[in-house]
Amino acid sequence: MTPELAALAQSAGVTLVGLMATDAWERTRDGVVGLWQRARPERADAVAAELGNTREDLASDATAEGELAAEWQGRIRRLLIDRPEVAVELQRLLDELIPDTGPSVAPVSQSATASGHSRLYQAGRDLHITDR
C-alpha cells in the first residue's frame, strides 16, 4: 500500500467516526455504503450494519472514538488494497463531507533563547537593548 493510500484510509476513518454524531451522518453513511456497494457489493449490507454498530458504540462511550476510527481505518485500508481504484471516489466523498474551507495553513512554531541582548522592532525602527 502506498503512503498516499494509507493516509487516505487514516483520514477517512477519522472523518467517518467524527461525523457519526453530526447532522451529516445520514449522508456520510449513505456515501460509505454506496462506495462499498460499487466496490464490494457482497459486503455492503454488512458495512451498513457495522456503521450502525459503531455509531451506537460511540454514543455509549465517547472515549472510544480513537479506537473506532482505527477500526474503520483498517476496513477502509483493506478495501483500498483490494480495490485501489476506489481511492478517487473515496477522496471525492471526503471532499463532499468536509468541504475545504480554504488553503491549509501550517502551524507556526516559535522559540526564543535568552542571550542578554535583545532587539525590539517598533514601527520600522530597530532598537537594540542590552540587559545589565
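The following exercises, each with a worked solution, concern a predicted model of one protein chain.

**Exercise 1. Architecture of the chain**

Determine how many helices and strands the chain contains, and in what order the elements run.

Solution. The secondary structure amounts to five helices and two strands. Read from the N terminus, the order is α-α-α-α-α-β-β. The chain has 132 residues, of which 30% are buried. Among contacts with a separation of 6 or more, 60% join residues 24 or more positions apart. The accessible surface is about 9,000 Å², and carbon and sulfur atoms hold 51% of this area.

**Exercise 2. The largest nonpolar core**

Identify which residues of the largest nonpolar core touch the most other members, and which helices supply the core.

Solution. The core comprises 31 residues, and those touching the most other members are W36, L51, W72, L80 and L90. At least two residues of this core come from each of α1 (3-18), α2 (25-39), α3 (44-60), α4 (65-82) and α5 (86-97). L80 serves as an example: beyond four places in sequence, L80 touches M1, L5, L8, A9, V86, A87 and L90.

**Exercise 3. The two sides of α3**

Establish whether the span of α3 agrees with the expected value, and where its buried and exposed residues lie.

Solution. First, consider the length. The 17 residues of α3 should span 24 Å at 1.5 Å a residue, and the end C-alpha atoms are 25 Å apart, which agrees. Next, list the buried positions: A44, V47, L51, T54 and L58. These residues lie on the same side of α3, because they cover an arc of only 70° around the axis. The spacing reflects a general property: an α-helix has 3.6 residues a turn, so residues three or four places apart point the same way. The face turned away from the buried side carries the exposed residues D45, E56, A59 and S60. Finally, the cover over the buried residues of α3 includes α1, α2 and α4.

**Exercise 4. The surroundings of α1 and T28**

State which elements the buried residues of α1 pack against, and decide whether T28 is buried or exposed.

Solution. α1 has 16 residues and extends 22 Å from its first C-alpha to its last, close to the 22 Å expected. Its buried residues are L5, L8, A9, A12, G13, T15, L16 and V17. They pack against α2, α3, α4 and α5. T28 lies in helix α2. Its relative accessible area is 1%, and the limit for a buried residue is under 20%, so T28 is buried. Apart from neighbours within four places in sequence, T28 is in contact with L16, L19 and L97.

**Exercise 5. Salt bridges between distant parts of the chain**

Determine how many salt bridges the structure holds, and which parts of the chain the pairs E89–R38, R40–D82 and E50–R75 link.

Solution. The structure holds six salt bridges. In the pair of E89 and R38, the closest N and O atoms are 2.4 Å apart. This pair links helix α5, which holds E89, to helix α2, which holds R38, across 51 residues. E89 is partly exposed at 23% relative accessibility, whereas R38 is exposed at 56%.

For R40 and D82, the closest N and O atoms are 3.0 Å apart. R40 lies in the loop between α2 and α3 and D82 in helix α4, so the pair ties together parts 42 residues apart in sequence. R40 and D82 also belong to a salt-bridge network with E42.

For E50 and R75, the corresponding distance is 3.1 Å. E50 in helix α3 and R75 in helix α4 are 25 residues apart. R75 counts as buried, with a relative accessible area of 18%.

Conventions: Residues are numbered from 1 along each chain as its sequence is written. This is a predicted model: local features need pLDDT of at least 70, side-chain atom pairs count only at pLDDT 80 or more; totals for chains, interfaces and linings use all residues. Side-chain values use heavy atoms; hydrogens and water are left out. A nonpolar core is a set of buried Ala, Val, Leu, Ile, Met, Phe, Trp, Tyr and Cys residues joined through side-chain atoms within 4.5 Å. Buried means under 20% relative accessible area, exposed over 50%, partly exposed in between (1.4 Å probe, protein chains only). Helices (H or I, at least four residues) and strands (E, at least two) are DSSP runs, numbered from the N terminus. Contact means heavy atoms within 4.5 Å. The expected span of a helix is 1.5 Å times one less than its number of residues. The arc is that of the directions from the helix axis to the C-beta atoms. Accessible areas come from the Shrake-Rupley method with a 1.4 Å probe; for residues, only the protein chains shown count as cover. A salt bridge is a side-chain nitrogen of Lys or Arg within 4 Å of a carboxyl oxygen of Asp or Glu.
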